[in-house]
Amino acid sequence: MDPYAILTVRSQEKKSSVASGKGTEPEWNETFLFSVSEGVEELLIKLLDSDTGTNDDLVGEVSVPLEALFAEGSIPVTAYSVVKDQEYKGELRLGLNFTPEDTRERGFGEDESYGGWKQSSF
């Protein structure tokens, strides 16, 4: 198996490198940066097996709730269940960090920042 991951937060999508020849115990040790706004609830991770000449196969999915991350600022390496068709397929271990951005540093007022865009006051 040559697995890789696609990480999604709302409409933002990031792709990991392919762990070629790593079988069922790949290790990526990669960092991904997302911009989040109020109301973001989860990080969705799809694990796929890279295939040459055919469509990549879905290995499974992981849904990571983000409420604790926003409250605590970080989540240590934690195991999450990988599921496909409501069947357990293994686990994915990952750690998360959250760094709030001070919107005043960007020149926005308290209520003007949403989703990385400045709302018009007109």
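Student: Just landed on Phe 98, so what relative accessibility does Phe 98 have?

Tutor: Phe 98 has a relative accessibility of 24% and counts as partly exposed, where buried means under 20% relative accessible area, exposed means over 50%, and partly exposed is in between, with a 1.4 Å probe and protein chains only. Please keep in mind that this is a predicted model, in which local features need pLDDT of at least 70, side-chain atom pairs count only at pLDDT 80 or more, and totals for chains, interfaces and linings use all residues. Residues are numbered from 1 along each chain as its sequence is written, and side-chain values use heavy atoms, with hydrogens and water left out.

Student: OK, and how many aromatic pairs are there?

Tutor: The count comes to 1 aromatic pair, where rings of Phe, Tyr and Trp (its six-membered ring) pair if their centres lie within 6.5 Å, and planes under 30 degrees apart count as stacked, over 60 as edge-to-face and the rest as tilted. The partners are Phe 70 and Phe 98, which are edge-to-face at 4.8 Å centre to centre with 65° between the planes. This pair links distant parts of the chain, 28 residues apart, with Phe 70 in helix H1 (residues 67-72) and Phe 98 in the loop between strand E6 (87-97) and strand E7 (113-114). Phe 70 is partly exposed too, with a relative accessible area of 29%.

Student: In what order do the helix and strands come?

Tutor: The chain has 1 helix and 8 strands, and from the N terminus on the elements run β-β-β-β-α-β-β-β-β. Both kinds are DSSP runs numbered from the N terminus, helices being H or I with at least four residues and strands being E with at least two.

Student: How do E1 and E2 pair?

Tutor: Strand E1 (residues 3-9) and strand E2 (residues 12-15) pair in the antiparallel sense over 4 bridges, and two strands pair if DSSP finds at least two bridges between them. Thr 8 stands opposite Glu 13 in E2, and the two strands form a hairpin with 2 residues between them.

Student: What about Arg 10, what stands out there?

Tutor: Arg 10 has a positive phi of about 50° although it is not a glycine, and Arg 10 is found in the loop between E1 and E2. Most residues other than glycine have a negative phi. Gln 86 likewise has a positive phi, of about 60°, and its place is in the loop between E5 and E6; at 82% relative accessibility, Gln 86 counts as exposed.

Student: Switching topic, which side chains meet in a salt bridge?

Tutor: A search of the whole structure finds 1 salt bridge, meaning a side-chain nitrogen of Lys or Arg within 4 Å of a carboxyl oxygen of Asp or Glu. The side chains of Lys 89 and Glu 87 meet in it at 3.3 Å, N to O. Lys 89 is partly exposed at 42% relative accessibility, and Glu 87 is partly exposed at 46%.

Student: Last one, what is Val 77 in contact with?

Tutor: Val 77 lies in strand E5 (residues 74-84) and, leaving aside its neighbours within four places in sequence, is in contact with Arg 93, Leu 94 and Gly 95, where contact means heavy atoms within 4.5 Å. The C-alpha atoms of Val 77 and Gly 95 are separated by 3.9 Å, although these residues are 18 residues apart along the chain. Val 77 counts as exposed, at 55% relative accessibility.
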